[in-house]
Amino acid sequence: MKYAHLSSILALLLLTMIGGLVYHSLLTLSTTAALVTQSYQQIKQQNDLLSSLRDAETGQRGYVITGDVAYLETYTNGRQQLAVQLQRLRTTTGSRAEQQRQLAQLEPLITDKLAELEQTIMLRRTQGFDAARKVVATDQGKRSMDAIRQIVGELDNAENTLLSERAQQANMMVRQTLALGSLGVVLAWLIVALASYRMRQNGVTRQHAEDALRQSEARLRTATDGGLDAFVLLDSVRNEYGKVIDFTYVDLNTRAEKLLRLSKLTVTGQHMLDLFPGAHSSGSFDKLVAVLESGVVLEEELPGAAPSPQVTWMRWQVVPLADGVAITIRDISERKQMEELLRHERDLLHALMDSIPDNIYFKDTAGRFTRINRAQALHLGVQHEDEAIGKTDADFFEDQHATEAWQDEQQLIAMGEPLIDRIEHYQAPDGLPVWISATKVPIRDDAGQLVGLVGISRNITARMQAEEELRQRLAQHRALLSAIPDLMLRYNQQGTCLDYKPFTAGGFSLPSKVIGTTIRELLPPKVAAIIQAAVEQVLTMGDQLSLDFEYTTPSGCTDYEARFSPCGDGEVVCLIQDISDRKAVERMKNEFVSMVSHELRTPLTSIRGSLGLLAGGVTGPLSPPAQTMIAIAHTNSERLVRLINDILDIDKIESGNMVFELQPLRLAEVVNQAIESTCGYAEQFDVHFQLQAPDAELRVMADADRLTQVLTNLLSNAAKYSPHGEVVEVGILQQGALVRVTVADHGPGISPEFEHRIFQKFAQADSSATRQKGGTGLGLSISKAIVERLDGHLGFTSVINRGSTFYLELPVVAPETGTATVLLERSGLPRVLHVDDDADLCHVITLLLRDVAEVVSVATLDQAQQLLQQHPVDLLLLDLALPDGWGAEIVPWMAAHLPTPIPVIVFSVREVDYELRAYVTAALVKSRTSNLQLIETIKQLLPHTVQPTLS
């Protein structure tokens, strides 16, 4: 009994000691569980802090990118949560100096980050996307966020390491407790009574420990399930050789169930390779084994490693345990998406910089390049942008330019004010001058400190050279304009003066204010009326115009010439020149020519007649020598008479005094008469004429004498230049609305050098003193002027050594059709009287205006006057060259005989004289007026509605 008692005492002592150890182990395990719970709570708080900061940054970036204020709600919520989470983290880490120190480093970084977020939001709200983007593009926000992530990561790593150590300690304590418990069971079999009692006592203690452990596990479960990270515990499965061949699931939190799509109830105790057979091929299994065997924590980021399709990126941390591993998995898809968005924005920024032709560069406060675009690299002469990083302007430019740039940049950094569009000039390495326009803007960090500058420069050498050339040209133009003594004016469509240059000397006076005044305000009334009408005509027709006018002052009458040219869009330039001296010379010349010609014509006529009588033997027979001398004198007197007649004709044409008596003529008859009158002249050259006129009834409106003068000139020239015995071919042929008369010879032709001046006055193909062919050189010039006055055209074709063909074209006149047709009833359309002898054109005009007006066509002035007296007409469309007179003659007749004025539109083949232009409503040239322009002009002058009336 004593031995049993001693044994019982010994067993009791052993059990007591074992119980104490077990109790101590359970208390230690409970404390460890509490610390584990605290670690998970701190990790969760740290993650929540980082998540709130990411929420604030996500809201800020979303607002900056889209401008949608809805993103600011996420930003505001994130900022509010940060303050709460920081306070919780201070409380949790209050007893740990190292973590308090790291937290003290973290708080100012978070403050700076929030300031940077607030700055970009304000810039986006007040200055727009570009201003906010420039702040984001500095990467200062990324650096702040990276620093925050680093400190939080260090806190996470420290806490995870501590958590791993505590887990290992807990496992060890569990194993020790189980071992001691087993020993107690063996001793209990030796001492039943005492063991029973002690077992009951140990059972109570164990029950408390198990309750504490369950509470600790519940707190740990709550902490892990409430975190953002997935948590998995795995135990290793080894073969008989101790090699790890698999892992079994021991535990996983709620987040892991969702992320891995597993159920804790079904996977606990299951083999990992059975659930994820691809772990071998992906290398994940080997990584877990390596962590377990090396004891080194694994931390890496993997793309799309989770079974959930929503998880595109995950970060996992594998911590070795006693015979297993603890895996922490975090979904970083959102962060990666934001990083990808930022990378995309950065790539876009870089692509934009490289695509801009301007030079863009970033420098630090020491003037070193930190970033340049492709254009700046080419400007510096480097192959790649990285070759310039860390270097200064002194490494690329001459000392003077580099020094000036450095001084500007230092002044900019000191003052903090940007330099905008500053023109800089330097000499390139090849010796050529270079101009650039430079803009430099300081860069500040989140604290407002200057950290560098960004510069944008553009090569403007071509522009500066062009501006210099333009300045030189403008100076030359100003000098040239100053040398011109004339008045120059520039008007717009409203008749307002836009610019001017006054008379250098003389001229009429101008008011003190010229620019901005109208024509009538600027010029004297008589001059203003002339200039106003001319400006309107140039704006309407779009052609140049020149006219002469007189201006009378108390000191006398002055002649001026005004030239008008369209300039730009709806502007007219007018040059007014004093031509009094020129007019005086012209009058003197005309008077002299007229006086000389008339004074010479009378005695020459007497001389020619007397010589003709002498040659005819009136005074008796003459000796052969005398007969020869008389013949020579008679021939030369004839030449002098022709010369005087030609000079008088030229004078009449130039002065506008040549009178034309127009009437319908049968062209064949006029040509025949011209041939008959020229035959005698042609016989001395042994030349004959041959006429081909298929239609003898073709008529033209012309002056018979003047047309005969033209034909005679062409025929005599053809005879004079034809070889002896040749035939000059004359033809008459209708071509549409024109009839062409051709005179073809087989002479030497016209040399190309002479063709361009053949119609000039006094032009001679052979101008030498010994030329074989006579003539004044005025015939063709006079003929061309006459034909053009008849609304025709005179031209020629020629082939060297084969002959020349001269031709004249005149409008065909339709045979008279009698008086105008009586109008019995008037339609609801306005009535237009069209006066024109071209039947085809009358038909076309009738068709054009069929929806606009009722058109009545007549061919003569007499018919027009009869119809105007008998019937109401709303508008007169008038041609000038009519069979029975000049169309303008009807305008004063209408003013004298009609009760109410009628709008008159002159529609002719030639420009209207300025004098007539003042009396008609509009003047159109047939060859320059489109159908649409004609219709619109008529529609503007017609009344809108006309009630049908009897007429």
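This report walks through a predicted model, from the whole chain down to one sheet, its core and one leucine.

## Ground rules

The model is predicted, so local features need pLDDT of at least 70 and side-chain atom pairs count only at pLDDT 80 or more, while totals for chains, interfaces and linings use all residues. Residues are numbered from 1 along each chain as its sequence is written, and side-chain values use heavy atoms, with hydrogens and water left out.

## The chain at a glance

There are 28 helices and 29 strands in the chain; these are DSSP runs numbered from the N terminus, with helices (H or I) of at least four residues and strands (E) of at least two. Of the 951 residues, 42% are buried, where buried means under 20% relative accessible area, exposed means over 50%, and partly exposed sits in between (1.4 Å probe, protein chains only).

Take the contacts (heavy atoms within 4.5 Å) with a separation of 6 or more: 59% of them link residues 24 or more positions apart.

## A five-stranded sheet

One open sheet runs in the order E17-E19-E20-E22-E21, with mixed pairing; two strands pair if DSSP finds at least two bridges between them. Strand E17 (688–692) and E21 are the edge strands, and each has a single partner, so one side of each has no neighbour in the sheet. On average, neighbouring strands are turned by 20° against each other, direction ignored.

E21 and E22 pair antiparallel over seven bridges, and Val-799 sits opposite Gly-803 in E22. As for helices, H20 packs on the sheet, touching E17, E19 and E20, with its direction at about 170° to that of E17. H23 lies across E21 and E22, at about 135° to E21. Axes here are lines fitted to C-alpha atoms (for helices, over the stretch in contact), and angles run from 0 to 180 degrees between N-to-C directions.

## The nonpolar core

The largest nonpolar core has 46 residues, and Leu-707 and Leu-808 have the most contacts inside it. Such a core is a set of buried Ala, Val, Leu, Ile, Met, Phe, Trp, Tyr and Cys residues joined through side-chain atoms within 4.5 Å. Elements giving it two or more residues include helix H20 (667–683), helix H21 (704–721) and strand E22 (803–811).

Beyond neighbours within four places in sequence, Leu-808 contacts residues including Leu-707, Val-710, Val-741 and Leu-794.

## Zooming in on Leu-738

Leu-738 belongs to strand E20 (residues 738–744). At 33% relative accessibility, Leu-738 counts as partly exposed. Not counting residues up to four places away, Leu-738 touches Leu-733, Glu-809, Leu-810, Pro-811 and Val-812. Its C-alpha is 9.0 Å from that of Val-700, 38 residues apart along the chain.
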